[in-house]
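Got the viewer open? Here's a short tour that tells you what to select at each stop and what you'll find there.

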Amino acid sequence: MPQDPTERRVVVTGPPRRARRAFDYYRPRTEIDEQTTLGHTYVRSLMRSQLRAGLAVFAVLVLLVGPLPLVFAAIPDARRLTWAVLGFCLYAPLVLLARWYVRRAERNERDFVRLVEDR
């Protein structure tokens, strides 16, 4: 029997269901908040990169400032030279070193946030 077009059935359904993707279950932020082994690994990697930057700055600082007492001891009557070197010649490298460290630390944190948030 042919159906009359006015007697069509209307099927009402719920909202469309989407298939769960594999990465929906993977949440690095949750791993960190719940202090799982994977979250601990993420935080440890951030701490290592920050430590590496700090040790690099410390090494440059030791190489830059460490030999100065020996240089001052080797030069007799180096009182004015001491203040000139400490006051003027050392200031610019220390400021540049501090700027490099801050930029590196911020880049490490940005990379960490990108790693945690972008998945």
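Start with charge pairs: search this predicted model from end to end and one salt bridge turns up. Select D111 and R114 to see it; their side chains meet with 3.1 Å from N to O. Both residues sit in helix α5, and because they are three residues apart there, about one helical turn separates them. How covered are the two partners? D111 counts as partly exposed at 37% relative accessibility, and R114 gets that label too, at 46%.

**Stay on helix α5: V116**

Now click V116, also in helix α5. Is V116 buried or exposed? Its relative accessible area is 10%, so it falls under the 20% cut-off and counts as buried. To see what V116 touches, leave out residues up to four places away in sequence, and you get P28, R29 and I32. Draw a distance from V116 to P28: the two are 88 residues apart along the chain, yet their C-alpha atoms are separated by 5.3 Å.

Before you zoom in further, colour by confidence. Helix α1 (residues 28-33) has the lowest confidence in the chain, with a mean of 74, while helix α5 (residues 91-117) has the highest, at 93. Where pLDDT is low, the predicted coordinates should not be read in detail. For the chain, the mean pLDDT is 83, and 86% of the residues reach 70 or more.

**Next selection: N108**

Move to N108, another residue of helix α5. N108 is buried, with a relative accessible area of 7%. Which residues does N108 touch, once those up to four places away in sequence are set aside? Select L46, S49, Q50 and A53 and you have them.

**Over to the surface: a nonpolar patch**

Switch on a surface and pick L61, L64, V65 and L94. Together they make a nonpolar patch of about 250 Å². Which helix gives the most to this patch? That would be helix α2 (residues 37-65), with three residues. L61 is a good one to click, as it lies in helix α2. The relative accessible area of L61 is 32%, so this residue is partly exposed and gets over the 30% needed to be part of a patch.

**Two stretches from the UniProt record**

Now try a pair of ranges. The unreviewed UniProt entry lists residues 53-75 and 81-102 under "transmembrane region". Select 53-75 first: this span is 87% helix and 0% strand, and its end C-alpha atoms lie 34 Å apart. Then select 81-102, where the chain is 95% helix and 0% strand, with 31 Å between the end C-alpha atoms.

**Zoom out**

Finish with the full chain in cartoon view. How many helices and strands are there? Five helices and zero strands, so reading along the sequence gives the pattern α-α-α-α-α. Of the 119 residues, 17% count as buried. Turn the surface back on and the chain exposes about 10600 Å², with carbon and sulfur atoms supplying 61% of that. For a last look, show the contacts with a separation of 6 or more: residues 24 or more positions apart account for 66% of them. The V116–P28 pair, 88 residues apart along the chain, is one to go back to with that in mind.

Notes: Residues are numbered from 1 along each chain as its sequence is written. This is a predicted model: local features need pLDDT of at least 70, side-chain atom pairs count only at pLDDT 80 or more; totals for chains, interfaces and linings use all residues. Side-chain values use heavy atoms; hydrogens and water are left out. Patches are made of residues with over 30% relative accessible area and no salt bridge: like charges are joined within 9 Å, nonpolar side chains (Val, Leu, Ile, Met, Phe, Trp, Tyr) within 5 Å. Accessible areas come from the Shrake-Rupley method with a 1.4 Å probe; for residues, only the protein chains shown count as cover. A salt bridge is a side-chain nitrogen of Lys or Arg within 4 Å of a carboxyl oxygen of Asp or Glu. Helices (H or I, at least four residues) and strands (E, at least two) are DSSP runs, numbered from the N terminus. Buried means under 20% relative accessible area, exposed over 50%, partly exposed in between (1.4 Å probe, protein chains only). pLDDT is the predictor's confidence in each residue, from 0 to 100. UniProt positions are given in the numbering used here, feature names are shortened, and annotations may be inferred rather than shown by experiment. Contact means heavy atoms within 4.5 Å.
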